[in-house]
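Reader: I'm new to this one, and I'd like a close look at a single part rather than a tour of everything. Could you walk me through the surroundings of the ligand?

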Amino acid sequence: MAEFGAASENEPIWWYETGTDDITLGLRMRLLHRERTPYQLLEIYEHPFFGRVLVLDGNLQTTQGDEFIYHEMLTHVPLLGALPASMNDASVLIIGGGDGGTLREVLRHDWVRRVVMVEIDQVVIERCREFLGFNGNYDDPRVTLIIGDAAQYVAEEAARQRPFDAILVDSTDPVGPGEVLFTPEFIRNAWACLKPGGVFARHLCMPLFDGPIVRDGVARLRQVFPRVEVYQATIFTYVGAQMAFVACTKDGRSVREPQRLLTGRYYNPDVHRAAFALPTWWVTELIDA
Ligand code: SAM
């Protein structure tokens, strides 16, 4: 949590994340904006190296300096790994993602024809457009933005007949408004919102410090999806650095091999394949435990 009272618009302060017991990330940075939204405490800071930094409820969400790693890996591994190269009308549901980075990456694909983004907190979208400039284009005619609880949206949508090819969960951790997005009920509803060849992906926090989240997250997904594949990327500003992602397919297909070519700033076909090479302890102590 920020050092309340110590921050002013001009003076840099040492900001510490409070998410993990006894170990924290410290960044010396300047507070640019602080506001309590209906859902969370939103803060925007500026750091000399990482640029603008979004913090929600004391947890670092994203920084201008390394956001591309998270957003490219959350988006392109599942989309390019699971959806066939012949597909030219993909529909994608983004859950959360209020900073706009995942939307930007999804819209890079001209074979994606429909994007629905469900974000609970309109203030996050507005402040991120103002302060972060991640260029998620909400005016793109393919995009429908819904302000609401994504758990409720998938529960309602599961009963309708317009399923998605991909669901990307770009949510906060399982605390606060993001908690419902980790429940078995949400996972079952998300499964029901996918076409038969569809893919579901999300991050699963940091294995070094969030072991139970990875273990329970994988176990819950395995109860619903026939194939659950964990992959990783290294992102300095998340405490623990090595982040686990997971991609699950409805028809049991593997997403390890990219079906189309894309070179991003971080993502490329070699990174895609290599991301599935996991440390032994992740597999024995968390994923297959
Ligand atoms: N990359 C980030 C991370 O994992 O640290 C996630 C960033 S993104 C800003 C997370 C977004 O999820 C927030 O804007 C938050 O408002 C949204 N969110 C949390 N719970 C939600 C829910 N139940 N429905 C829709 N959006 C939700």
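Reader: Let's start with one residue: is aspartate 99 buried or exposed, and why?

Author: Keep in mind that this is a predicted model. Aspartate 99 counts as buried, because it has 28 C-beta neighbours inside 10 Å, and the cut-off for buried is 20 or more. You'll find aspartate 99 in the loop between E6 and helix H2 (101-107). Setting aside neighbours within four places in sequence, aspartate 99 is in contact with Leu54, Gln61, Thr62, Cys128, Leu132 and Phe134.

Asp99 also turns up in the UniProt record: an unreviewed entry puts the feature "binding site" at His71, Asp99, Asp170, Ser171, Thr172 and Asp173. Let's pick another residue from that list. Threonine 172 sits in a loop too, the one between strand E9 (164-170) and helix H5 (184-192). Threonine 172 is buried because 21 other C-beta atoms lie within 10 Å. If you skip residues up to four places away in sequence, threonine 172 touches Leu56, Asn59, Gly96, Pro177 and Gly178.

Now for the ligand itself. It is surrounded by 25 residues, and the closest are Gly96, Gly98, Ile120, Ala150 and Pro177. Two of those names, Gly96 and Pro177, should ring a bell, as threonine 172 touches them. Sorted by class, the shell around the ligand has 11 nonpolar, 9 polar and 5 charged residues. Strand E5 (59-63), strand E6 (90-96), strand E7 (112-119) and helix H4 (150-157) each give at least two residues to that shell.

Where do these pieces belong in the whole protein? The chain is divided into domain 1 (12-63) and domain 2 (67-287), and the shell around the ligand takes at least three residues from each of them. The C-alpha centres of the two domains are 23 Å apart, and 24 residues of domain 1 are in contact with 19 residues of domain 2.

On the domain 1 side of that meeting place, strand E2 (26-36), strand E3 (41-47), strand E4 (51-56) and E5 each supply at least two residues. The largest share, 5 residues, comes from E5, a strand that also helps make up the shell around the ligand. By class, the side of domain 1 that touches domain 2 has 10 nonpolar, 10 polar and 4 charged residues.

Methods. Residues numbered from 1 in each chain as written. Predicted model: local features only at pLDDT ≥ 70, side-chain atom pairs only at ≥ 80, totals over all residues. Near = placed C-beta within 6 Å. Helix = DSSP H or I, 4+ residues; strand = E, 2+ residues; numbered from the N terminus. Nonpolar A, V, L, I, M, F, W, Y, C, P; charged D, E, K, R; others polar. Domains from an automatic or database assignment. UniProt positions renumbered as here; feature names shortened; annotations may be inferred. Buried ≥ 20, exposed ≤ 12 C-beta atoms within 10 Å, placed from the backbone. Contact = placed C-beta atoms within 7 Å.
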